[in-house]
Amino acid sequence: MKKFYLALSVSLIFLLNSRLVQAQTCGGGTYATVPLGGLMSVAGTWVGNVIPPAHCTQCCITINGPVLMDATTVNPILDGNSILIISGTSSLEVDTYARVFSSTVILGNDATHNATLTVNDEVDLVNSTVRLANNNTVIDASNSGANIPSGPLGTDPNFDAGIFYITDSAAFYTGGHMPASYDYLISPIGYGAATNAGPCNMTTFICQYSINCGAAPPCGPGFVWGPAINAFDATLGSWDFQVTSILPMVLVQFIASKNSDGTNELLWTTSQEENSSYFDVQRSVDGGNWQSIGTVAAKGNSSVASNYTFTDAHPMSSINYYRLKMVDLDGKFAYSKVVSVNTGASTESLVIYNNPFTDMIRLKLNTGMTENVTFTVTDMLGKVYLRQSSNIQTGDNLINLNPQVAAGFYILHIQGSTYDKTVKLVKE
């Protein structure tokens, strides 16, 4: 099975009533990954090549592909009512010590897609929420690769990897020392909600999650399936994951395209709505600063597919990024994934003909001058598998690259004196 990587690198705000996200400002910045994701510390992973700071406060972050947070992202901190959404079928793998303060992480932005969070290191929560949106979303804390944890609890892959709730938050946050009380939420060998009568926590005996498991494998130690949310269990006197409701707004499609008259067309579809109010259509030229360019009224309540369109009559002469702010009748909202349209010159400077690729990478590169460029193919950790130089001419240049790589995710970097592009690739 291929491993999909997710990046848990920003904090999120609290969800209310298992519904859309309550209003918040993104004072610390708005960030989104490109569709194929990548290593979190690589600028090309992010729209606009802007990496969120290691300590991100009041940030709004959306993961739109498989993303990995490893030791190059040093002890990331999510803080100050930030929001991290792992959208659609995206995934985040955490392979380094991370802390989340007064924030919320949401797996899945609708009721159907299978977002995944893989936790192979220590993740500490203080006054924070982790929410699995539907019964296809899953947290995998089995640490199948035996990653050595780097947090204050220790380095045992079986006991010190996973998600923990911290009750001694003040001392931990201000003093930086190990707090007096940790509650296991999930680890490679289980912990959490009781599967039988009696107390079930890290100081008594180990138990495995069974909520929402059904017949869907894998199911057992180190896994939690949604819809679920972490909460305090008064009976057990500890924190665990508990069953919750599925998010009501189901956005199943959102696409953008360029029309022949120079306008951009946005189309989206919902398969379910409950007390929805309107869609605020937002545009950005850098993926970080957003402005509203119009609104579209929602159906309100619907259990059948509802189609919507919006025309951007005056797009910018560059790459236009779009997202939807989906607003509920009581003011709660959530953001869609980010889509883009290039309304610049009709000649594309780079075309990848086969991505995913199975053997050679076939591409067309168009430049306005003759120059020498270098093509470099690396994996997500920066290991170089191919470095090839070519003297390209003005206009179209057809190039074939033949990296000897296994199936997985890779980065192609093309660099010359005036040319600089980074592309995510998939080898099947």
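This report describes selected strands, a disulfide and several aromatic contacts in a predicted model.

## Strand 5 and its neighbours

In a regular strand the side chains alternate between the two faces of the sheet. Strand 5, which covers residues 66–69, shows two sets of side chains: Pro66 and Leu68 point one way, while Val67 and Met69 point the other way. Pro66, Val67, Leu68 and Met69 are all buried.

Strand 5 pairs with two other strands described here. With strand 2 (residues 38–39), the pairing is parallel and runs over two bridges. Within that pairing, Gly38 has Val67 of strand 5 as its bridge partner. With strand 8 (residues 91–94), strand 5 again pairs in the parallel sense, here over four bridges. In this pairing, Met69 stands opposite Val94 of strand 8. Val67 and Met69, which point the same way from strand 5, thus appear in the two pairings as the partner of Gly38 and as the residue opposite Val94.

## The disulfide

How many disulfides does the model contain? The count comes to one. This disulfide joins Cys56 to Cys59, with a distance of 1.9 Å from S to S.

The link of Cys56 and Cys59 is left-handed, with an angle of -90° about the S-S bond. Are the two cysteines buried or exposed? Both Cys56 and Cys59 are buried.

## Aromatic pairs

The model has ten aromatic pairs. One of them is formed by Tyr385 and Tyr410: the ring centres are 5.7 Å apart and the planes stand at 85°, so the pair is edge-to-face. The cut-off behind this step is that planes over 60 degrees apart count as edge-to-face. The pair links distant parts of the chain, as Tyr385 belongs to strand 31 (residues 384–392) and Tyr410 to strand 33 (residues 408–415), 25 residues apart.

The two tyrosines fall into separate classes of exposure. Tyr385 has a relative accessible area of 31% and is therefore partly exposed, whereas Tyr410, with a relative accessible area of 6%, is buried. The cut-off for a buried residue is under 20% relative accessible area.

## A cluster and a charge over a ring

Which residues form one aromatic cluster? Phe164, Tyr182, Tyr184 and Tyr191 do so.

A contact between a charge and a ring is found at Tyr308. Lys299 lies over the face of this ring, at 4.4 Å from the ring centre.

Note on methods
Residues are numbered from 1 along each chain as its sequence is written. This is a predicted model: local features need pLDDT of at least 70, side-chain atom pairs count only at pLDDT 80 or more; totals for chains, interfaces and linings use all residues. Side-chain values use heavy atoms; hydrogens and water are left out. Buried means under 20% relative accessible area, exposed over 50%, partly exposed in between (1.4 Å probe, protein chains only). Two strands pair if DSSP finds at least two bridges between them. A disulfide is a pair of cysteine sulfur atoms within 2.5 Å. Rings of Phe, Tyr and Trp (its six-membered ring) pair if their centres lie within 6.5 Å; planes under 30 degrees apart count as stacked, over 60 as edge-to-face and the rest as tilted. A charge sits over a ring if NZ of Lys or CZ of Arg is within 6 Å of the ring centre and within 35 degrees of the ring normal.
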